[in-house]
Amino acid sequence: MTVPEASATVAVELERLRGTVSTGFAEVKGSLSVLVERSDRNERDLQQLRTDTEKDLGDLRTDVEALKRARWPLPAIGALTGVAGVVTGVLALLAR
């Protein structure tokens with residue numbers, strides 16, 4: 001093989017290698033584009049989820065506060081029941 005033939009062979013191999021590298025870079029660039037798009041979509045979904053969760057928590061807090069206002073005062077009812085029992089007992093004793 002002469003020097004010009006060797007140079008031509010090297011040039012052909014370098015061109016083939018350049019094409020392979022270019023193809024590899026294009027594939028990597030495409031994969032990165034897909035990953036960036038997924039990341040952006042995940043960020044949007046996460047923000048929407050946070051917004052929805054905060055809204056739902058606000059609704060739950062409102063419901064809990066309404067339930068707290070509407071609950072029966074159990075200690076006061078227990079005390080009144082005890083006093084009513086004592087009064088009934090005293091009346092029963094005095095009625096004899």
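This passage describes the overall form, the salt bridges and the surface patches of a predicted model.

The chain contains two helices and zero strands. One of these helices, α1, runs over residues 3–70. The radius of gyration of the chain is 41 Å, whereas a compact globule of 96 residues would have a value near 12 Å. In line with this, the C-alpha atoms fill a box of roughly 140 × 20 × 10 Å when the dimensions are taken along the principal axes. Of the 96 residues in the chain, buried residues make up 0%. The area that the chain exposes comes to about 8,800 Å², and carbon and sulfur atoms supply 65% of that area.

With respect to charge, the chain carries 13 positive and 14 negative side chains, and a distance of 12 Å separates the centres of the two sets. A search of the whole structure finds four salt bridges, and the following three are among them.

In one salt bridge, arginine 16 is paired with glutamate 13, and the closest N and O atoms of the two residues are 3.1 Å apart. Both arginine 16 and glutamate 13 belong to helix α1, where a spacing of three residues places them about one turn of the helix apart. Arginine 16 has a relative accessibility of 51% and therefore counts as exposed, the cut-off for this class being over 50%. Glutamate 13, by contrast, counts as partly exposed because its relative accessibility is 39%.

A further salt bridge joins the side chains of arginine 44 and glutamate 37, with a distance of 3.9 Å from N to O. Arginine 44 has a relative accessible area of 48% and is therefore partly exposed. Glutamate 37 likewise counts as partly exposed, with a relative accessibility of 41%.

Glutamate 65 and lysine 68 also form a salt bridge, in which the closest N and O atoms lie 4.0 Å apart. Because glutamate 65 and lysine 68 are three residues apart in helix α1, about one helical turn separates them. As for their accessibility, glutamate 65 counts as partly exposed at 39%, and lysine 68 is partly exposed with a relative accessible area of 45%.

Two patches on the surface can be described in addition to these pairs. A nonpolar surface patch of about 500 Å² is made by Val10, Leu14, Leu17, Val21 and Phe25. Of these residues, valine 10 has its place in helix α1, and a relative accessible area of 48% makes valine 10 partly exposed. Membership of a patch requires a relative accessible area of over 30%, and the value of 48% for valine 10 is therefore consistent with its place in the nonpolar patch.

A negative surface patch, in turn, is formed by Asp52, Asp56, Asp59 and Asp63. Aspartate 63 lies in helix α1, and its relative accessible area of 45% means that aspartate 63 is partly exposed. The same cut-off of over 30% applies to residues of this patch, so the 45% of aspartate 63 is likewise consistent with its membership.

Terms used
Residues numbered from 1 in each chain as written. Predicted model: local features only at pLDDT ≥ 70, side-chain atom pairs only at ≥ 80, totals over all residues. Heavy atoms only, no water. Patch = residues over 30% accessible without salt bridge, like charges linked within 9 Å, V, L, I, M, F, W, Y side chains within 5 Å. Areas by Shrake-Rupley, 256 points an atom, 1.4 Å probe, with all protein chains shown as cover. Lys, Arg positive; Asp, Glu negative; His and termini not counted. Charge placed at Lys NZ, Arg CZ, Asp CG, Glu CD. Helix = DSSP H or I, 4+ residues; strand = E, 2+ residues; numbered from the N terminus. Buried < 20%, exposed > 50% of the residue type's maximum accessible area, 1.4 Å probe, protein only. Rg over C-alpha atoms; globule rule 2.2 N^0.38 Å.
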